[in-house]
Each structure stands twice: as C-alpha cells, then as structure tokens.
Amino acid sequence: MGHVDACYMPRDSHTTGDILVHEMAYGENDELWVVNTRFSCLCTLDNINSFLPRWKPSFITGYSPNDRCHLNGLGMVDGKPKYVTALGETNTPTGWRDNKKDGEILIDIPSGEVIAHNLSMPHSPRWHNGQLWVLESGKGTLSVVDLKTDKHEAVATVPGFTRGLDFWGPLAFIGLSQARETAVFSGIPITEQNIARNSGIWIINIEIGQLVAFVRLEDALQEIFAVQILQGIVCPDLVIDEPEIIHSSYELPNHAMKYAETVNPAV
C-alpha cells in the first residue's frame with residue numbers, strides 16, 4: 001500500500017434491508033445514527049432487529065417503507081442528533097415529489113419544530129462556529145440559517161448539485177455532483193439552468209463567501225454524497241475489496257498492542 005498514515009477497512013457489518021440509508025453519524029458512546037429514508041425516521045442498530053426507530057417527524061403518523069417525506073440530512077451537536085432535512089412535509093407515499101422545487105424543510109429534532117421552510121432540496125445540515133449551515137442542492141448553494149426568523153441566506157453558489165459538507169476553520173468543504181437527468185431532479189433550478197455541472201470538492205471561505213480551491217472529478221465519478229475532514233491525516237488509504245490485505249490485517253485495543261510481537265510468516 002506504500003506509506004500511509006491511516007488505513008480504513010471493514011471490521012463489522014449489519015443487515016438492515018433496503019431502507020434507503022442517507023446520512024449517518026456517530027454520537028455519544030459511539031452509537032451510530034442512521035437516516036432511514038424509506039421509513040421516514042432516524043434509527044440506530046442493535047444485534048437483534050433490522051433497525052431501531054428512534055425519532056420521526058411529527059407529521060409522519062407511522063412506520064412504513066414508502067418514503068413519505070424523503071428524510072435525508074442529519075446534523076449532530078454535542079454528540080446528539082439535532083437537525084434533519086426533508087424534501088417535503090408530507091405523510092403520503094413519495095408525497096414529497098409534488099413540490100420538490102422549493103417545498104423542503106429543516107427540522108429541529110428535540111422540539112420537532114420546522115425551523116426553515118421553502119428550501120430547495122436541502123442536504124447536510126451542519127452546526128459550525130455558532131451557526132447552522134445547510135446545502136440547497138436544488139440551487140447549488142451553501143446557506144446559513146437564521147434560527148430566529150426562519151430565513152436562510154446563500155453564502156456561496158457552486159456549479160453542481162451540493163451534497164456533503166464539512167468545515168475546517170473558515171473553510172467549507174462541499175461535495176458536488178452532476179445531478180442525474182431523471183424525473184427526481186427535473187424542475188429544480190440547477191437542472192433548469194443552462195450551465196455545466198461538476199462533480200468534485202469545492203472549498204469556500206465562509207468569511208468572505210469566495211472559492212479558494214476545488215478538485216474536479218471527471219470520467220465515471222459523477223456523484224458525491226458525503227464529505228468528511230480527517231483531522232491530522234495526510235495520506236489515508238481505504239481497503240474494501242482486497243481480501244488478502246483484509247485477511248492478514250488486525251485491529252487490536254491499545255492495551256493489547258503493548259504485548260504485540262513480530263511474527264515471521266510461515267514458509
């Protein structure tokens with residue numbers, strides 16, 4: 001693999017069934033929170049059930065696998081779920097599709113209140129530097145939300161369908177996709193504009209609202225869903241489909257590593 005300073009590989013798996021997982025985030029005690037889009041809820045996992053429903057919007061009357069509001073983005077604050085985005089305030093199967101241009105919402109989880117309306121396909125709500133940020137994928141924008149007035153203001157516009165957001169100081173790292181030409185993405189501002197759409201990572205200085213750098217991805221890679229800053233890591237590696245490496249690699253707790261010994265492979 002060469003010289004790397006971090007390596008990520010599979011160590012556990014869980015079968016949920018097709019629940020249209022969108023954003024996920026680890027919370028307190030390493031508990032994994034999952035946006036269960038098909039069942040219109042937030043859930044966690046255990047060793048018995050496919051998933052554990054933990055929260056649903058107040059306008060969703062029950063759990064059923066028919067994607068009633070297209071819950072998608074999850075924002076954590078102090079290790080707890082705090083904000084979610086949805087593509088409609090609807091309680092009928094795929095009802096969100098009827099007003100996807102600007103009928104979307106942002107919800108405060110503890111209170112259950114809708115704190116921002118009339119968003120255009122929102123995604124990736126994030127709390128950073130004392131402010132609530134959200135991507136409006138339908139417009140290709142990064143916006144900041146005023147929690148007192150229910151208003152949101154675009155800080156920057158980028159040339160792509162925005163999904164995936166993380167921050168490093170004054171820099172916002174935004175994932176861009178080329179927005180598929182399908183019925184789901186029709187009728188929204190970014191697909192109606194006659195401009196080229198990009199796939200990649202765009203970096204915005206949020207203090208001045210200007211682009212400072214970008215990485216454009218071409219050829220087969222046309223969509224990005226999530227962006228995560230790996231603090232202090234310069235050259236990471238990802239091992240997914242290399243059985244020989246996975247079968248001969250081991251993760252042990254620190255107390256066990258104190259007694260680790262070099263073993264010569266058998267000839």
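Asn 129 is found in the loop between strand S10 and strand S11 (131-136), and this placement opens a set of exercises on a predicted model. Residues are numbered from 1 along each chain as its sequence is written. In this predicted model local features need pLDDT of at least 70, side-chain atom pairs count only at pLDDT 80 or more, and totals for chains, interfaces and linings use all residues, while side-chain values use heavy atoms, with hydrogens and water left out.

**Exercise 1. Describe the setting and the phi of Asn 129 and of Ser 124.**

Solution. Begin with the elements, where helices (H or I, at least four residues) and strands (E, at least two) are DSSP runs, numbered from the N terminus. Asn 129 belongs to a loop that follows S10 and precedes S11, whereas Ser 124 has its place within strand S10.

Next, take the accessibility, for which buried means under 20% relative accessible area, exposed over 50%, and partly exposed in between (1.4 Å probe, protein chains only). Asn 129 has a relative accessible area of 66%, so this residue is exposed, and Ser 124, with 0%, is therefore buried.

Then turn to the backbone: most residues other than glycine have a negative phi. Phi of Asn 129 is near 55°, a positive value, and phi of Ser 124 is likewise positive and near 55°.

Finally, look at the neighbour His 123, which also lies in strand S10 and counts as buried because its relative accessibility is 3%. The side chains of His 123 and Ser 124 are joined by a polar contact of 2.8 Å; such a contact is a pair of N or O atoms within 3.5 Å, where within protein one must be able to donate a hydrogen and the other to accept it, and residues adjacent in sequence count only if both atoms are side-chain atoms.

**Exercise 2. Decide where Arg 197 and Arg 68 lie, and whether each is buried or exposed.**

Solution. Arg 197 is placed in the loop between helix H1 (189-192) and strand S16 (199-205), and its relative accessibility is 16%, so Arg 197 counts as buried. A polar atom of the Arg 197 side chain lies 3.0 Å from the backbone oxygen of Gln 178.

Arg 68 is found in the loop between strand S5 (52-55) and strand S6, and it is buried because its relative accessible area is 12%. Although Arg 68 and Thr 92 are 24 residues apart along the chain, their C-alpha atoms are separated by 5.2 Å.

**Exercise 3. Explain why Cys 7 and Cys 41 form no bond with their closest cysteine sulfurs.**

Solution. A disulfide is a covalent bond between the sulfur atoms of two cysteines, and the cut-off used here is a pair of cysteine sulfur atoms within 2.5 Å. For Cys 7 the closest cysteine sulfur is in Cys 235, at 11 Å, so the distance is too far for a bond. For Cys 41 the closest is in Cys 43, and because the sulfurs are 5.3 Å apart, this pair is also too far for a bond.

The two residues can also be placed by accessibility: Cys 7 counts as partly exposed at 31%, and Cys 41 counts as buried at 0%. The structure as a whole holds zero disulfides.

**Exercise 4. State how much space the largest pocket holds, and what lines it.**

Solution. The largest pocket contains about 2000 Å³ of space. Its lining is made of 46 residues, and Met 24, Ala 25, Tyr 26, Leu 32 and Gln 228 lie nearest its centre. (On a 1 Å grid over the protein atoms alone, a pocket is an open set of points where a 1.4 Å probe fits, with protein on both sides within 12 Å along at least five of seven lines; lining residues have an atom within 4 Å of a point.)

Several strands each supply at least two lining residues, among them S1 (6-8), S3 (32-36) and S10 (122-128), and S2 gives the most, with six residues.

**Exercise 5. Give the elements and the extent of the whole chain.**

Solution. The protein chain has three helices and 18 strands. Along its principal axes the C-alpha trace spans about 65 × 45 × 35 Å, and of the 267 residues, 42% count as buried.

Notes:
Points joined across faces, edges and corners; volume = space filled by probe spheres on them.
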